[in-house]
Structures are given as C-alpha cells and as structure tokens.
Amino acid sequence: MVDVLLGLQWGDEGKGKIVDYFAGRYDVIARFQGGPNAGHTLYVNGQKVVLRTIPSGVFHDKTINLIGNGVVLDPVAFKKESEDIAALGIDLTKNLFIAEKTHIIVPTHRALDKASEISKGNDKIGSTLKGIGPAYMDKTGRNGLRVGDVISADFEALYAKLKQKHLQMLSQYNVEGLEADIEAWEKEFFEAVPFLKKMNIVSGEYFLNEKLKAGKKVLAEGAQGSMLDVDFGTYPFVTSSNTISAGVCTGLGIAPQWIKEVIGVTKAYCTRVGSGPFPTELHDATGEKLREAGHEFGAVTGRPRRCGWIDLVALNYTCMLSGVTQLVMTKSDVLDEFDEVLACTAYNIDGQQTKQLPFQLNGLEVTPVWETFNGWSEKTATCKQFNELPSEMKTFVEAVDNYLGVPVKYVSNGPGRDQILER
C-alpha cells in the first residue's frame, strides 16, 4: 500500500524530519509534486541538511527514493543538492530514481518568474523566483521539456524552441537585466544536464506499480502545504501544483485504491511565507516571540516567516480535502515559553460566524474566534513519552484532536530524530 505524508498548513510544517522518522518503515519514498522552491530540513548525525527536490529517505541505506512526474526539476539545483548529499557519504546512484515524465525548469522559466513578479508591483504573489510557476504553465500548455528529453539526440533543438517562445513572452515585460541573467543561468544549466543524464531515469509509473505489486511499502512525500494547493488553497496566493492527497495519483501514476494512511503534519501554531491571507497572523510581540522561539526563517530563502496561532478552521478543511487519518503535531516545544496558547475555532466575517473557509479569503476582514488554553511554562524537549508532557499541553493536544475528529498520533518536541512522542 501507499501511505501519504503531507503538510496541512502553508508549508514549513517540518515534514522533512517526519518523513525521515518514518522512512525506515518503508521500502520506497516517492516525492509527488512541487519544485526546489521549498526545503525539507533534516538533522543527520547532528548536521543540518536541507533537501529541495530529493526525497527525504536518501539517508536510509535500504530505502529506494523516487522523484515523481508531478515534480518540476531544476537540473542546476538538483546537481548542487546531489553533490551536497554525496559529501555526506551517500551514493545516490544506488537509491535515487527519477521519473522520465518529470518536467524540467529551464533558465528562461526563472526569467519569466522574475519578470512576472516584478510586473505585479504591490500585488506580488510572493514567488521564490525559482521558475516553478512558469514550468507548470508549460506543462499544462503542452510545451514543456521533461527529464526523458535530456537523453534525446535533439534535446538542444527542443530547448532552443522553448527558449524562443519564452523570449517572445519576455519581450512583453519592461524588465532590465534579464538577458545577463539568462546567459549566466544557461551556463550552469548546460553544465548540469550531463550530470542529470547519468542518474537513474525510469518510467516512474511502471517502476512504482511494480514495487507495489511486489508487496513493497511506499510513502508518498509532499512539498509545501495544503493551503497552497492550486485548486483549494488561498488562491491566487498558492503554489502551482496539487499539494493534497489527490495529487499523489497524478504525481506518481498510481491508482487511488493503493492509498491507505494519510498522515497530515501541522505545527502547534501557524506560519506562512510570502503574500496572501493569514487569518490568525499576529502582528505584535507575541508573533515575534513565536518567530524567534521557532527559528521561523525559510530553509531555502532565509525569509522570515509570518507567525500566528493555530487555525483549526483551516486545519479541519485540509483534513477533509485529503482524508487525513492521523496527525503529527510538530514544534510543540516552541509553545513552552507562553503563559497562554490560543487556537482559532471559527471565523467572524461580516458579523457572521462560520467554521468553513469562504470562496475567497483574500480581501476579507476575518476576525478569529479564539479558544484560550493555559500554558505549561516548562521545558518539554527532554520528554521521552507522551505521558511525560505537562497536563496543560496534553489538554491542548486533545482539544485539537477532538475539534478535527482525527487523532494526533505523534507530537514532535524538538528538531532531533528522536524527539517524537507517539501517543
């Protein structure tokens, strides 16, 4: 069967550590969507490692890792990430495979991303400018290049045709310096393509289905978070792929009946990077305290994350969308320093109280309805069992569990591999 692990908020929920924790129980870890615009942070032998495209099971000797066709891959970022992992003594040629239908991010995708974002002025989406959106646009526009194309004899001709199309699009923007950017990015790109060609490029759908028929256990790993889903997130401030469990089938080429458990990851509070609505955001000293205590800065970009209390309305929505069967609550220890802990249980919009997300959050005046919990004012990072946690923290966890109707089965109380408490 296939179990799914995905983020339930706006990303940055700590999925990398959780996948790493579970990886030893699975034969295959498969990444099903997203690109190198986000990072999964792991701590391997005390060393911080940020994975951008490569699945989080690569540090387990017996685990096979697949980059699925739902991912968009930047050869330059992939080469650098691979070299960083190789420096830690990991041989990726043994346990990493790439689906041939995975789409490629080319230099002019990055230029289009940059030009588009600059042109929006104050209406910026908050793109990381990695070329993700334009790559997915070419995928749906039936113009994209795929990993399988790099081994084709006419790859450079295919590339030139796509580049010409992008240059025509870029001529519509009045953005200076893009030609120099493209020239520099192309140099790196064509140095990275031969590296990509040496990797294990496979028919991802056949590869994975054969593993399943052989009785292998698969963990599908998502990137970003459910509230960034292109269909169901806070549109238009979303990513360009389906981040919910439905994306597993199209992102890996497997049928729905293979899916068993859906493991949702949520922080004990809430964060968001970039622009877009965020109902529980705190613009005060409490929000700043959350940011500092939680070290809330982007794993790839270093950007400070916006912080707020946990949003149970949004969590209930994302649990529903993905059919979440169990929850992992991360960074619970960050709340150790607070006298009170709050949770949003409903929205007040135009004088009406609701527990449903509206069609469009952007532009609405949303006032959270809060439930307040007593803080525990003691360090929990050293706890080894769930029952060792302070009663106030257990009350908070149980309240989340009851509101969502989904069991919180794991509580993470620190960045270390061993800092996960099973409930």
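Here are three short exercises, with worked solutions, on this predicted model.

**Exercise 1. Work out whether the radius of gyration of the chain agrees with that of a compact globule.**

Solution. Start from the chain length, which is 423 residues. For that length, a compact globule would have a radius of gyration near 22 Å. The chain itself has 21 Å, so the two agree. For a view of the extents, take the principal axes: the C-alpha atoms fill a box of roughly 65 × 50 × 40 Å. Happily, the contacts can be added to the picture: of those with a separation of 6 or more, 76% join residues 24 or more positions apart.

**Exercise 2. Locate the residues that the UniProt annotation "binding site" covers, and find out whether they are scattered or gathered.**

Solution. The annotation, from an unreviewed entry, covers Asp12 and Gly39. They span 28 residues in sequence, but their C-alpha atoms are no more than 8.1 Å apart, so they gather at one spot. Next, place each one in the fold. Asp12 sits in the loop between strand 1 (2-7) and helix 1 (15-23), while Gly39 belongs to the loop between strand 2 (28-31) and strand 3 (40-44). Leaving aside residues up to four places away in sequence, Asp12 touches Lys267, Thr271, Val273 and Arg305.

**Exercise 3. Classify Asp12 and Gly39 as buried, partly exposed or exposed.**

Solution. Recall the cut-offs: buried is under 20% relative accessible area, and exposed is over 50%. Asp12 has 24% relative accessibility, so Asp12 is partly exposed. Gly39 has 19%, so Gly39 is buried. For context, 55% of the 423 residues of the chain count as buried.

Terms used:
Residues are numbered from 1 along each chain as its sequence is written. This is a predicted model: local features need pLDDT of at least 70, side-chain atom pairs count only at pLDDT 80 or more; totals for chains, interfaces and linings use all residues. Side-chain values use heavy atoms; hydrogens and water are left out. The radius of gyration is taken over C-alpha atoms; the globule rule is 2.2 Å times the number of residues to the power 0.38. Buried means under 20% relative accessible area, exposed over 50%, partly exposed in between (1.4 Å probe, protein chains only). Contact means heavy atoms within 4.5 Å. UniProt positions are given in the numbering used here, feature names are shortened, and annotations may be inferred rather than shown by experiment. Helices (H or I, at least four residues) and strands (E, at least two) are DSSP runs, numbered from the N terminus.
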